[in-house]
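Please open the structure in a viewer and keep the selection panel at hand. The tour proceeds one selection at a time.

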Amino acid sequence: MMDSTTITLFDNILKGVGRHPKSGKKKGGMKVHTVMKYHVGVPMVVQLTSAAKHDHYLLKEVHLPKDSTLAMDRGYMDIAQFQRLTEEGVCYVTKMKKNLNYKVLKSTTYVNPDGLVTHIDQKVLFTRGELTHEARRVELFNEKKKPAVLLTNNFEFSVEDISEIYRLRWAIESLYKQLKQNFPLHFFYGDSVNAIQIQTWVVLIANLLITVLSRSIKRNCAFSQVVTMVRLTLMYYIDFVAFMENPDKTWNNILTKEEQKAPPEPSLFDYGGAYFWKKEVRSLILLGFGQGCLALLSFTGQQYFRIKHIEPPSI
């Protein structure tokens with residue numbers, strides 16, 4: 001599946017589209033073009049461009065293996081590229097625009113037992129100068145939704161298969177939602193094109209690593225939960241997968257190991273400790289001398305009085 005998402009920037013760093021509805025000032029934007037395998041769930045091809053770049057830019061750059069199936073939205077309508085995909089043996093499924101000119105070569109209408117039209121299956125021909133492209137137009141009718149018109153170059157798939165392939169395209173939208181909700185793409189640490197692109201690549205790498213980590217956890221955990229726990233435990237030496245699968249058991253094991261540790265060796269300056277106080281104290285600082293020994297000192301170099309004894313903490 002192929003799609004793109006736009007990340008709004010705070011300034012016109014990368015060329016954006018449109019203007020702000022209130023101020024009228026133009027803001028910059030970056031577009032993330034992505035190709036993703038459905039059963040993998042992570043991007044396999046990513047390109048970063050300005051937001052003004054058209055969606056079908058990536059369609060010209062990507063060459064998929066033979067017998068692949070590509071699902072995309074109507075923003076990628078390009079008859080020349082569709083003909084190229086057909087010649088390369090790649091099947092595509094997309095939503096059709098309303099203003100396309102085509103010639104109907106064959107049309108079949110299907111109705112249910114109640115006499116209602118369920119779908120129309122057509123073979124159409126597109127002509128753009130010397131270029132011609134034959135495709136399959138499928139119009140689906142639903143009582144609760146508006147009719148949907150899909151376009152494909154596969155004449156063997158059933159109508160249900162074509163509809164299901166396009167429905168699965170929503171997985172890439174879920175990927176974009178996951179990235180924007182769990183990672184810092186609302187603000188950037190740099191104001192240059194290079195800094196913005198580096199931060200976006202770091203987010204994609206982090207998403208990949210946490211996806212691998214979440215799939216290795218046998219317990220059912222939400223992706224946002226895994227991201228939160230990684231942030232909280234990033235600086236601790238724990239078995240993260242075991243902790244997520246059984247938090248209580250892992251925490252008890254950590255406490256047991258801490259209890260089994262030998263007590264620390266006494267320090268040379270460890271004599272119980274005391275607070276020291278001078279009547280007219282200036283420039284106070286608090287220092288520690290060994291375990292359990294604290295002193296309140298000043299820079300005057302005068303004498304101090306001990307006012308409280310501190311016992312070493314029990315281990």
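Select the buried residues of α5 together with their surroundings: in this predicted model, these residues pack against β2 (29-36), β3 (43-50), α4 (170-182) and α6 (223-233). The buried positions of α5 are I196, Q199, T200, V203, L204, N207, I210, T211 and S214; showing their side chains displays the α5 side of these contacts.

Next, restrict the selection to α5 itself, residues 193-215. How far apart are its end C-alpha atoms? The distance is 33 Å, and this agrees with the expected span of 33 Å, because the helix has 23 residues at 1.5 Å a residue.

Now turn to the sheet. Select β1, β2 and β3: these three strands form an open sheet in that order, with antiparallel pairing. The edges are occupied by β1 (2-8) and β3; each has a single partner strand, so one side of each lacks a neighbour in the sheet. From one strand to the next, the twist averages 20 degrees.

Within the sheet, isolate β2 and β3. These strands run antiparallel and are joined by seven bridges. For a point of reference along this pair, label M30, which stands opposite S50 in β3.

Finally, add the helices that pack on the sheet. Select α4, which touches β1, β2 and β3, and whose direction makes about 25 degrees with that of β1. Then restore α5, which also packs on the sheet: α5 touches β2 and β3, and its direction makes about 160 degrees with that of β3.

Definitions and conventions
Residues are numbered from 1 along each chain as its sequence is written. This is a predicted model: local features need pLDDT of at least 70, side-chain atom pairs count only at pLDDT 80 or more; totals for chains, interfaces and linings use all residues. Side-chain values use heavy atoms; hydrogens and water are left out. Helices (H or I, at least four residues) and strands (E, at least two) are DSSP runs, numbered from the N terminus. The expected span of a helix is 1.5 Å times one less than its number of residues. Buried means under 20% relative accessible area, exposed over 50%, partly exposed in between (1.4 Å probe, protein chains only). Contact means heavy atoms within 4.5 Å. Two strands pair if DSSP finds at least two bridges between them. Axes are lines fitted to C-alpha atoms, for helices over the stretch in contact, and angles run from 0 to 180 degrees between N-to-C directions.
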